[in-house]
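Please open the model in your viewer and keep the sequence panel beside it. The stops below each begin with a selection to make and then describe what is found there.

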Amino acid sequence: SYAIEVTGNQFGAAQGTSEQTSNVSDASTSSHGARIIDALRTLPIPAGLPGTVKLDLPAVVVGGTIIRDLVLDARPDDEAGWDVRRLAAELPGRTALELSGDLRLPLQGEPLASGAFKGSVLVASLQPTGLARWIAGDSGDRVRALPRAGVEALIDATIERQLFDISELRVGASVLSGSLERRSPGVGAPALLADLDGDSGSLEALAAIAEIFGAQTNGSWVAD
């Protein structure tokens, strides 16, 4: 068995130099996910041996973006599978992220799109405009009007598709629950499909979420 612990001031992760990461746009959920997966699979993890990997870094640079206060506690299950006990970080827009679950990294030679994560996620943003700019490259009027946004959900995700089973979605003063799916194919704009229950401001809240995910102006969204 082994134990890898990394602490420090700043760490530069993979900058999207591989052919697969260089072929995705700079500002999209897909491109950020591709860069993070590419960075994780370059870690020197002994194959076939049980162990632990712990990171505690105040700043990580991924694709030119600074991710702050990164904490990772994970146990590789096999050559490609990780049991992520906890992943916490501060994303752009003063956004707190907490993840736990099962992560599968692509093996060498496999496309990055074969990576997948299934688990739980908690996101709380105090500056949704900054988060939207990071995810979608821009922010619309509805997002600029939001003082805060957050979600607690189960997630089943790949680079091209993210499915959220939402227990609570807070967008400004609105509170919603239900399911949300974002599809981001290799070509074309993203699409957002939603089946959510909420209060009288739910439609406006959903439109703001579509802007954050880049589906309002660059793609399409459908509400049930």
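Begin by selecting helix 3, whose buried residues are Pro128, Thr129, Gly130, Leu131, Ala132, Trp134, Ile135 and Ala136; buried here means under 20% relative accessible area, exposed means over 50%, and partly exposed lies in between, with a 1.4 Å probe and protein chains only. Because 8 of the 9 residues of this helix (residues 128-136) are buried, helix 3 is largely enclosed by the rest of the structure. Extend the selection to glycine 137, just after helix 3, and you will find a residue that takes a positive phi of about 90°.

Before going further, note that this is a predicted model, in which local features need pLDDT of at least 70 and side-chain atom pairs count only at pLDDT 80 or more, while totals for chains, interfaces and linings use all residues. Residues are numbered from 1 along each chain as its sequence is written, and side-chain values use heavy atoms, with hydrogens and water left out.

Now zoom out to the whole protein chain, which contains 5 helices and 12 strands; these are DSSP runs numbered from the N terminus, helices being H or I with at least four residues and strands being E with at least two. Of the 224 residues in the protein chain, 46% are buried. Among the chain's contacts with a separation of 6 or more, 50% come from residues 24 or more positions apart, a contact meaning heavy atoms within 4.5 Å. The accessible surface of the chain is about 11200 Å², and 52% of it belongs to carbon and sulfur atoms, as computed by the Shrake-Rupley method with a 1.4 Å probe.

Next, select strand 7 (residues 116-125) together with strand 8 (residues 149-158), which run antiparallel and are joined by 10 bridges; strands count as paired if DSSP finds at least two bridges between them. Within this pairing, alanine 116 stands opposite threonine 158 of strand 8. Add strand 9 (residues 161-171), which pairs with strand 8 in the antiparallel sense over 9 bridges, and look for leucine 154 opposite aspartate 165 in strand 9. The connection from strand 8 to strand 9 is a hairpin through 2 residues.

Turn then to the charged side chains, where the structure holds 8 salt bridges, each being a side-chain nitrogen of Lys or Arg within 4 Å of a carboxyl oxygen of Asp or Glu. Select aspartate 73 and arginine 75, whose side chains meet in a salt bridge at 2.6 Å, N to O; arginine 75 counts as partly exposed because its relative accessibility is 22%. Aspartate 83 and arginine 85 form another, with the closest N and O atoms 2.7 Å apart, and arginine 85, at 46% relative accessibility, is also partly exposed.

Which residue forms a salt bridge with arginine 142? The partner is glutamate 211, with the closest N and O atoms 3.4 Å apart. This pair links distant parts of the chain, since glutamate 211 lies in helix 5 (residues 202-212) and arginine 142 in helix 4 (residues 141-144), 69 residues apart. Glutamate 211 is buried at 9% relative accessibility, whereas arginine 142 is partly exposed at 31%. Select also Arg161, Glu181 and Arg183, which are joined into one network by salt bridges that share partners.

Finish at leucine 192 in strand 11 (residues 191-197), which counts as buried because its relative accessibility is 2%. Displaying leucine 180 as well shows two residues 12 apart in sequence and 7.3 Å apart in space, C-alpha to C-alpha.
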